[in-house]
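Reader: I should be grateful for a close look at a single part of this structure, followed by its wider setting. Please proceed step by step.

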Amino acid sequence: MSGHVIDGRNLLPATGYIQLIWKMVGMLEGKLYNNMPIVFEDVKFIRATLLPDQRAVQLTLMVQKGTGKFEIIEGDNVIVTGRVHVPLELDKDNVSIDYLPKDDDEEEVIQTRDIYKELKLRGYQYAGLFRCLKSLSVSASRGHIAWMNDWVAFMDNMLQIKILEKDTRSLYVPTGIEKLVIDPKLHMQYLKNATSEDIRRLAKIPKCRFLSIPNTIVFP
């Protein structure tokens, strides 16, 4: 996760917390997490976690049986809360991949180099797997992300599209996710069926709340 640098600091991505809980639920269910669908709701990112060079970061994960409420704690501080469950009928939670309006034919004219030049001007110094946006429309209503077999980076690139929707040079950070549905089997099915020319997947943008913080990052 060394490529996730914001305002000069290597921070644990918000989607990294999502993957940690996903892995924990998979362990409790006795399943491989990346083969198991999962639903997150009312996720709150309370504060950031710095990834230092010289020491490990210790996080405590707790999930309540029955309610699915979870917390992630660093030291004595709660840093992430939310609810999680393994769906019994995924169709009730899932959103159609064809959610975009049929007449949305806006051309994706912005390419990787210009996308990350703009993000750098806003204070995001992404590198490596966190530079997987390949094209984007001018309004940032649609784009393509390269799948690099890494869920944390893939979902973080989705959040980058939400950032680019904001017509401002202010720094934004995610403070919450209303709902996130991950269906890895469907995801892999689309990858398997994709042609070599269309291997990049269309970004499905989750509903997120963002906080504008000029010049610096301060999580509430």
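Is Thr 49 buried or exposed?

Author: The model is a predicted one. Thr 49 has a relative accessibility of 0% and is therefore buried, since the cut-off for that class is under 20%. Its place in the chain is the loop between β3 (38-45) and β4 (60-63).

The surroundings of Thr 49 can be described in terms of its contacts. Setting aside residues up to four places away in sequence, Thr 49 touches Asn 10, Leu 11, Leu 12, Tyr 17, Val 57, Glu 74 and Ile 79. With one of these, Tyr 17, there is also a polar contact, in which the two side chains come to 2.7 Å.

Tyr 17 leads to helix α1, which spans residues 14-29, and from there one may turn to a pocket. The second largest pocket has a volume of about 230 Å³. Its lining is made up of Val 25, Leu 28, Glu 29, Val 63, Gln 64, Lys 65, Gly 66, Thr 67, Gly 68, Val 84, His 85 and Val 86. Two elements, α1 (14-29) and β6 (77-85), each give two or more residues to this lining. The largest share belongs to α1, with 3 residues. By character, the lining of the second largest pocket comprises 5 nonpolar, 5 polar and 2 charged residues.

Beyond α1, the loop between α1 and β3 holds Asn 34. The relative accessibility of Asn 34 is 34%, so this residue counts as partly exposed. Apart from neighbours within four places in sequence, Asn 34 is in contact with Trp 22, Trp 151 and Pro 184. The pairing with Pro 184 joins distant parts of the sequence: 150 residues separate Asn 34 from Pro 184 along the chain, yet their C-alpha atoms are 6.2 Å apart.

Trp 151, another contact of Asn 34, brings the description to helix α4, which covers residues 151-165. This helix has 15 residues and extends 22 Å from its first C-alpha to its last, close to the 21 Å expected at 1.5 Å a residue. Of the 15 residues of α4, 14 are buried, so the helix is largely enclosed by the rest of the structure. At the N-terminal end of α4, Asp 150 acts as a cap, with a side-chain oxygen 3.1 Å from the backbone nitrogen of Val 152.

To return to the residue in question, Thr 49 is buried at 0% relative accessibility, and its side chain makes a polar contact with that of Tyr 17.

Key:
Residues are numbered from 1 along each chain as its sequence is written. This is a predicted model: local features need pLDDT of at least 70, side-chain atom pairs count only at pLDDT 80 or more; totals for chains, interfaces and linings use all residues. Side-chain values use heavy atoms; hydrogens and water are left out. Helices (H or I, at least four residues) and strands (E, at least two) are DSSP runs, numbered from the N terminus. The expected span of a helix is 1.5 Å times one less than its number of residues. Buried means under 20% relative accessible area, exposed over 50%, partly exposed in between (1.4 Å probe, protein chains only). A polar contact is a pair of N or O atoms within 3.5 Å; within protein, one must be able to donate a hydrogen and the other to accept it, and residues adjacent in sequence count only if both atoms are side-chain atoms. Contact means heavy atoms within 4.5 Å. On a 1 Å grid over the protein atoms alone, a cavity is a set of points where a 1.4 Å probe fits but cannot get out, and a pocket is an open set with protein on both sides within 12 Å along at least five of seven lines; lining residues have an atom within 4 Å of a point. Grid points are joined across faces, edges and corners, and a volume is the space filled by probe spheres set on the points. Ala, Val, Leu, Ile, Met, Phe, Trp, Tyr, Cys and Pro count as nonpolar, Asp, Glu, Lys and Arg as charged, and the others, Gly among them, as polar.
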